[in-house]
Amino acid sequence: MPVTGDAAEEMVEATLRVVEEGEADAVASVSTFASEESSVYTVGGGVTVVTVPLNGEYSIPSNITVFFDQDNTVLQTNEMLVTKNEAGNFQVETYLDGYLVQSEDTGISYMTDEELLAEEPADVQPMGVGAVAACIGAALGVGGTVAYLIAVGCGGSCVAPTPVTAPICAACIGAYAVLGGGGMAAVVACFNYL
């Protein structure tokens, strides 16, 4: 359930503070945080999730997502960092509490955020990663490359999350929040095409 207003602002400030003070293990620097574009949700059990988009050296849909308990203690930190690798492709890395858990060269030539946002929504593919990307594109209203980055970065973890892959899926959920999160449940359902 979305949190707005002063309550959301307080949680975003808490997120910045815990990262700056080292209470939350993060790879991305606070200087890359696009705090004003953050999303705050309650997910039940007294847990609040704060997703902060990242900019600077990071591409869409990069984010840091911090899970807090009812006492504002950090439960977990997830990051999805999308960058340009040496081959000139998008590199998708996922971190849990500051530790790398997935790194993948997508094979897709790097594009600027402006180019990504200008893309038309993805065409529907019959099955596999392409179908997942097309579904994500339709659910979020984003272009094919952004949808594909999420599909590649999140595919294996969001199909049937396990204790090992659930954190990757959680970082992916942060990516959906960064992009509007309009159909988060619909996006997660897209992974059924794999």
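**Loops, helix H1 and the N-terminal segment**

At 40% relative accessibility, Asn72 counts as partly exposed, because that value falls between the cut-offs of 20% for buried and 50% for exposed. The model under discussion is a predicted one. Asn72 is not a glycine, yet its phi is positive, at about 60°. The residue lies in the loop that runs between strand S3 and strand S4, the latter spanning residues 74-84.

A second non-glycine residue with a positive phi is Asp97, where the angle is about 50°. Asp97 also belongs to a loop, here the one between strand S5 (89-96) and strand S6 (99-109). With a relative accessibility of 26%, Asp97 is classed as partly exposed, since this value is above the 20% below which a residue is called buried and does not reach the 50% above which a residue is called exposed.

These loops belong to a protein of 194 residues, with six helices and six strands. Along the sequence the order of elements is α-β-β-β-β-β-β-α-α-α-α-α. Half of the residues, 50%, count as buried. The accessible surface amounts to about 8900 Å², and carbon and sulfur atoms contribute 52% of that area. Among contacts with a separation of 6 or more, 46% are between residues 24 or more positions apart.

Another backbone feature is found in the loop between strand S2 (47-53) and strand S3 (63-68), which holds Pro61. The peptide bond from Ile60 to Pro61 is cis, and its omega is near 5°. Ile60 is placed in the loop between S2 and S3. Is Ile60 buried or exposed? Its relative accessible area is 14%, so Ile60 is buried. Ile60 can also be related to a residue further along the chain: its C-alpha atom is 9.6 Å from that of Glu114, although 54 residues separate the two in sequence.

Helix H1 covers residues 5-20 and includes both Glu10 and Thr15. How do these two residues stand with respect to the surface? Glu10 has a relative accessible area of 53% and is therefore exposed. Thr15, by contrast, has a relative accessible area of 0% and is therefore buried. Which residues does Thr15 touch, leaving aside those up to four places away in sequence? They are Val50, Val52, Val66 and Phe68. Val50 and Val52 fall within the residue range of strand S2, 47-53, while Val66 and Phe68 fall within that of strand S3, 63-68. The contacts of Thr15 thus link helix H1 to residues of these two strands.

On the surface, Glu10 is part of a negative patch, whose other members are Asp6, Glu9 and Glu13.

Ahead of H1 in the chain is the segment that contains Met1. Met1 counts as exposed because its relative accessibility is 70%. Even so, Met1 has contacts with residues distant in sequence: with neighbours up to four places away left out, it touches Val40, Tyr41 and Thr42. For one of these, Val40, the C-alpha to C-alpha distance from Met1 is 8.4 Å, across a sequence separation of 39 residues.

Conventions
Residues numbered from 1 in each chain as written. Predicted model: local features only at pLDDT ≥ 70, side-chain atom pairs only at ≥ 80, totals over all residues. Heavy atoms only, no water. Patch = residues over 30% accessible without salt bridge, like charges linked within 9 Å, V, L, I, M, F, W, Y side chains within 5 Å. Areas by Shrake-Rupley, 256 points an atom, 1.4 Å probe, with all protein chains shown as cover. Salt bridge = Lys/Arg side-chain N within 4 Å of Asp/Glu carboxyl O. Lys, Arg positive; Asp, Glu negative; His and termini not counted. Charge placed at Lys NZ, Arg CZ, Asp CG, Glu CD. Helix = DSSP H or I, 4+ residues; strand = E, 2+ residues; numbered from the N terminus. Buried < 20%, exposed > 50% of the residue type's maximum accessible area, 1.4 Å probe, protein only. Contact = heavy atoms within 4.5 Å.
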